[in-house]
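Here is a short set of questions and answers to read alongside the model. Keep the sequence and the 3D view open.

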Amino acid sequence: MSREFRHIVRIRGTDLDGTKKLTHGLTKIKGVGTSLSNAVVKAGGFRPEARLGSLSDAEISRVEDIISDPAKYSIPARILNRRKDAESGRDLHLVTADLT
C-alpha cells in the first residue's frame, strides 16, 4: 500500500510544507506552538519524525480534529491559549482566523 507524498498539506486553512517533520510543521499554523504540536502528535499516536506530506487523509483529519477540540483528547488545559474563556467559561484553543 503506497501513499502519495504531498508537498503542500492544508490543515486548518493553512498551507504547510509537506517536507517538514510533523512537530515542526504544525507550529506554522497560527496559534499552534511547540507544546500543542507535541501534544497533538502524542494524542494522535503519530511518529514525531514523520513528514507532513506522508500523512493520509484520515490522519490529516484526525490532526485537525485534535487541534479544534484538544480537551476531547485529554490534552491538559495548561497548553491551551484560551483557558476559562470569558464568554463561555470553557477551556478553548483558538487558531487561525478565530484567533485574530
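## Helices, core and salt bridges

Q: Which residues of α2 are buried?
A: This is a predicted model. Buried here means under 20% relative accessible area. In α2, the residues that count as buried are L36, S37, A39, V40, V41 and G44.

Q: What covers the buried residues of α2?
A: The buried set in α2 includes S37 and V40. The cover over the buried residues of α2 includes α1 and α3.

Q: Is S37 buried or exposed?
A: S37 sits in helix α2. Beyond its neighbours within four places in sequence, it contacts L22, T23, L26, T27 and V32. Its relative accessibility is 0%, so S37 counts as buried.

Q: The backbone oxygen of which residue lies 2.6 Å from a polar atom of the S37 side chain?
A: S37 is in contact with several residues more than four places away in sequence, including L22 and L26. The 2.6 Å pair joins a polar atom of the S37 side chain to the backbone oxygen of T23.

Q: What phi does G45 take?
A: G45 comes just after α2. Its phi is positive, at about 75 degrees.

Q: How far does α3 reach from its first C-alpha to its last?
A: Helix α3 covers residues 57-68, twelve in number. At 1.5 Å a residue, 16 Å is expected. The span in the model is close to that, at 16 Å.

Q: Why are the buried residues of α3 on the same side of the helix?
A: The buried residues are E59, I60, V63, I66 and I67. They share a side of α3 because the arc they cover around the axis is only 120 degrees.

Q: Which exposed residues does the face of α3 turned away from its buried side carry?
A: The buried side of α3 includes I60 and V63. It packs against β1, α1 and α2. The face turned away carries the exposed residues D57 and A58.

Q: Which residues touch the most other members of the largest nonpolar core?
A: This core has 21 residues. At least two of them come from each of β1, α1, α2 and α3. The members with the most contacts to other members are I11, L26, L52 and I67.

Q: Which residues does L52 touch, not counting those up to four places away in sequence?
A: L52 is among the core members that touch the most others. Beyond four places in sequence, L52 touches V9, I11, L16, D17, G18, K20, L22, G25 and L26.

Q: How many residues apart in sequence are the parts tied together by D57 and R6?
A: D57 and R6 form a salt bridge, with 3.0 Å between the closest N and O atoms. D57 lies in helix α3 and R6 in the segment before β1, so the pair ties together parts whose separation in sequence is 51 residues.

Q: How many salt bridges does the structure hold?
A: One of them joins R10 and D15, at 2.7 Å from N to O. Another joins K72 and D65, with the closest N and O atoms 3.1 Å apart. The total is four.

Q: What distance separates the C-alpha atoms of K21 and R47?
A: K21 lies in the loop between β2 and α1. It touches P48, E49, A50 and R51, leaving aside residues up to four places away in sequence. K21 and R47 are 26 residues apart along the chain, and their C-alpha atoms are separated by 9.4 Å.

Key
Residues are numbered from 1 along each chain as its sequence is written. This is a predicted model: local features need pLDDT of at least 70, side-chain atom pairs count only at pLDDT 80 or more; totals for chains, interfaces and linings use all residues. Side-chain values use heavy atoms; hydrogens and water are left out. Helices (H or I, at least four residues) and strands (E, at least two) are DSSP runs, numbered from the N terminus. The expected span of a helix is 1.5 Å times one less than its number of residues. Buried means under 20% relative accessible area, exposed over 50%, partly exposed in between (1.4 Å probe, protein chains only). The arc is that of the directions from the helix axis to the C-beta atoms. Contact means heavy atoms within 4.5 Å. A nonpolar core is a set of buried Ala, Val, Leu, Ile, Met, Phe, Trp, Tyr and Cys residues joined through side-chain atoms within 4.5 Å. A polar contact is a pair of N or O atoms within 3.5 Å; within protein, one must be able to donate a hydrogen and the other to accept it, and residues adjacent in sequence count only if both atoms are side-chain atoms. A salt bridge is a side-chain nitrogen of Lys or Arg within 4 Å of a carboxyl oxygen of Asp or Glu.
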